[in-house]
Amino acid sequence: MKYKDKNDIGEFVQCVLAKDVVDILKVMSKDTWIKYVPKMFIDLLNDNYEASLKSIKYVPNIYFSLNDKFKNDNLIIKTTIRAFKRRNRINEINIGYKPLKKRICRDEG
């Protein structure tokens, strides 16, 4: 067994909150299209409505990973549609359904 030094106070830990996830996604999505988001981020966003709403503006694909309660919310649906339109990718979703559905892309295999 390895003994600890008397000056060793432990491991380095960082706490991430839902507000921090929005800031991280804002920076990551600059001039890029994000398809996949870490599960830890999704878990934090599923507990916070405001953070989910803000994160959809930066990464619209998060909508498809949220829980069903958020997917059926009208404001989140409208925000998702606006975010896809702003990035000229509205043809990737089918807006005729509630909750929204992705269209099948033949190009992505």
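Ser-52 is found in helix H3 of this predicted model, and because its relative accessible area is 0%, Ser-52 counts as buried. The side chain of Ser-52 reaches back to the backbone oxygen of Asn-48, at a distance of 2.9 Å. Once the neighbours within four places in sequence are set aside, Ser-52 is in contact with Leu-45, Asn-46, Leu-66 and Phe-70.

Phe-70, one of those contacts of Ser-52, also takes part in an aromatic pair. The ring centres of Tyr-49 and Phe-70 lie 5.6 Å apart with the planes at 70°, so this pair is edge-to-face. Since Tyr-49 belongs to helix H3 (residues 49-58) and Phe-70 to helix H4 (residues 68-71), the pair ties together parts that are 21 residues apart in sequence. The two partners can be set side by side in terms of exposure: Phe-70 is buried, with a relative accessible area of 5%, whereas Tyr-49 is partly exposed, with a relative accessible area of 25%.

In total, the count comes to 4 aromatic pairs. Another of them joins Trp-33 and Phe-84, whose ring centres are 5.5 Å apart and whose planes stand at 65°, so this pair, too, is edge-to-face. Trp-33 lies in the loop between helix H1 (18-28) and helix H2 (39-45), while Phe-84 is in helix H5 (residues 74-86), so the pair ties together parts that are 51 residues apart in sequence. Both Trp-33 and Phe-84 are buried. Ring pairs also link these two residues with Tyr-63 and Phe-64, so that a cluster of Trp-33, Tyr-63, Phe-64 and Phe-84 is formed.

The geometry of the two pairs described above is set out here.

| Ring pair | Distance of centres | Angle of planes |
|---|---|---|
| Trp-33 and Phe-84 | 5.5 Å | 65° |
| Tyr-49 and Phe-70 | 5.6 Å | 70° |

A ring also takes part in an arrangement with a charged group: the charged end of Lys-101 sits over the ring of Tyr-97, at 4.4 Å from the centre of that ring.

Lys-6, finally, is placed in the segment before H1, and with a relative accessible area of 76% this lysine is exposed. Measuring from C-alpha to C-alpha, Lys-6 and Ile-56 are 47 Å apart in space, and along the sequence the two residues are separated by 50 residues.

Terms used: Residues are numbered from 1 along each chain as its sequence is written. This is a predicted model: local features need pLDDT of at least 70, side-chain atom pairs count only at pLDDT 80 or more; totals for chains, interfaces and linings use all residues. Side-chain values use heavy atoms; hydrogens and water are left out. Rings of Phe, Tyr and Trp (its six-membered ring) pair if their centres lie within 6.5 Å; planes under 30 degrees apart count as stacked, over 60 as edge-to-face and the rest as tilted. Helices (H or I, at least four residues) and strands (E, at least two) are DSSP runs, numbered from the N terminus. Buried means under 20% relative accessible area, exposed over 50%, partly exposed in between (1.4 Å probe, protein chains only). A charge sits over a ring if NZ of Lys or CZ of Arg is within 6 Å of the ring centre and within 35 degrees of the ring normal. A polar contact is a pair of N or O atoms within 3.5 Å; within protein, one must be able to donate a hydrogen and the other to accept it, and residues adjacent in sequence count only if both atoms are side-chain atoms. Contact means heavy atoms within 4.5 Å.
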